[in-house]
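Visitor: Before we begin, I should like to hear the reasons behind the labels that are used for a structure such as this.

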Amino acid sequence: MIALLLAAFAGCVTGFAQNVRDLIISEAQTDSVELDNGYGQKAAWIELFNTSNGSVKFGGCFLTNDRNDLRRYLIPKNDLKCVLGPRQSVLFFADGDASKGSFHCSFSLKAGETVYLVSNDGRTIVDSLCIPAGLEAGMSIAKFANDPKAIVFDDIHPARPTPGSYHHNPVYDEDGNILEESKAEKLMRTDPHGFTLTLVAVGVVFLALVVLYLCYTLVGAICTGKFRRPEGKKAARKAGRKAAGKAGSKATEGEIAAAIALALRLEGGNETEAAIALALDRYLNESVHDNESYVITIRRK
């Protein structure tokens with residue numbers, strides 16, 4: 001029973017902790033003109049890609065551009081960021097200054113060199129990528145997947161740099177129509193200048209500002225008491241409730257009439273409410289000249 005539990009636990013660990021052999025060097029560029037290293041410098045960069053369906057810890061592995069020195073740059077073991085999720089990528093800057101952070105190599109990468117990813121044993125080369133000496137300026141060297149679902153990278157050639165996303169060759173039918181392509185490639189094909197992406201980004205920001213404006217306006221109105229009832233009306237309602245509470249005890253009809261008259265005056269304040277209040281006062285104090293069913297009249301002076 002214990003042996004079965006241990007076997008099940010080992011299987012779970014194996015399923016969730018993938019091997020560093022699932023990592024590849026998917027792209028590299030030596031003369032970046034757009035991407036800086038976080039310190040305002042344009043530097044060469046190396047992209048690692050996780051081809052598996054599980055997370056891979058790459059802390060403790062090595063990067064190097066020297067076949068005779070496979071331990072040239074040690075990726076920190078204790079950095080929690082050194083974990084790559086399934087089908088995700090990470091960038092390392094080959095700027096020659098490892099003191100800038102875990103993702104800054106201690107060597108500089110040049111055209112004509114080969115970059116190696118070495119396992120944590122310091123001897124096993126997991127993957128490599130050769131940067132052509134005649135690579136055109138502004139271009140990168142990338143590995144392309146002919147099968148995007150299986151993530152099989154078997155094609156290497158120069159490409160437009162796409163740090164953070166992998167390349168794959170579109171699949172064409174017999175008539176030359178594209179059957180399958182990534183979202184990034186579709187966007188590049190349909191919107192090469194990025195107008196759609198710009199409009200979407202501006203729209204999202206504008207919508208967020210409108211929502212924030214409405215929220216702050218509502219909160220400000222509530223805090224400043226804009227939605228509170230006027231104090232006069234509150235006092236009138238309070239007086240009416242107080243008079244109604246006394247109606248069953250010691251309150252006189254005159255007091256009730258006065259409270260009703262006050263409430264009507266404060267609530268409306270026009271001639272109609274004043275007439276009704278006066279009529280109620282006359283009726284409850286028995287000062288009208290006649291008593292008719294459902295009729296209240298005022299005696300003229």
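Guide: The following exchange sets individual values against their definitions.

Guide: This is a predicted model, in which local features need pLDDT of at least 70 and side-chain atom pairs count only at pLDDT 80 or more, while totals for chains, interfaces and linings use all residues. Residues are numbered from 1 along each chain as its sequence is written, and side-chain values use heavy atoms, with hydrogens and water left out.

Visitor: What makes the contact of Lys143 and Asp127 a salt bridge?

Guide: A salt bridge requires a side-chain nitrogen of Lys or Arg within 4 Å of a carboxyl oxygen of Asp or Glu. The side chains of Lys143 and Asp127 meet at 2.5 Å, N to O, so the pair satisfies that definition. The structure holds one salt bridge.

Visitor: Which parts does the pair tie together?

Guide: Lys143 belongs to strand E10 (residues 140-147) and Asp127 to strand E9 (residues 125-130), so the pair ties together parts that are 16 residues apart in sequence. Strands (E, at least two residues) are DSSP runs, numbered from the N terminus.

Visitor: Why is Lys143 called buried?

Guide: Buried means under 20% relative accessible area, exposed over 50%, and partly exposed in between, with a 1.4 Å probe and protein chains only. Lys143 has a relative accessible area of 7%, and is therefore buried. Asp127, at 15%, also counts as buried.

Visitor: Why is Arg87 called partly exposed?

Guide: Its relative accessible area is 29%, so Arg87 falls in between the two cut-offs. Arg87 is found in the loop between strand E6 (83-84) and strand E7 (89-94), and has a positive phi of about 55° although it is not a glycine. Most residues other than glycine have a negative phi.

Visitor: How do you know that E8 and E9 pair?

Guide: Two strands pair if DSSP finds at least two bridges between them. Five bridges join strand E8 (residues 114-118) to E9, so the requirement is met, and the two run antiparallel. Among the bridge partners are Tyr116 with Ser128 and Val115 with Leu129.

Visitor: What makes E5 and E9 edge strands?

Guide: Four strands form an open sheet in the order E5-E4-E8-E9, with antiparallel pairing. Strand E5 (73-74) and E9 each have a single partner strand, so one side of each is left without a neighbour in the sheet.

Visitor: What makes both faces of E8 covered?

Guide: Thr114, Tyr116 and Val118 on one side, and Val115 and Leu117 on the other, are all buried. In a regular strand the side chains alternate between the two faces of the sheet.
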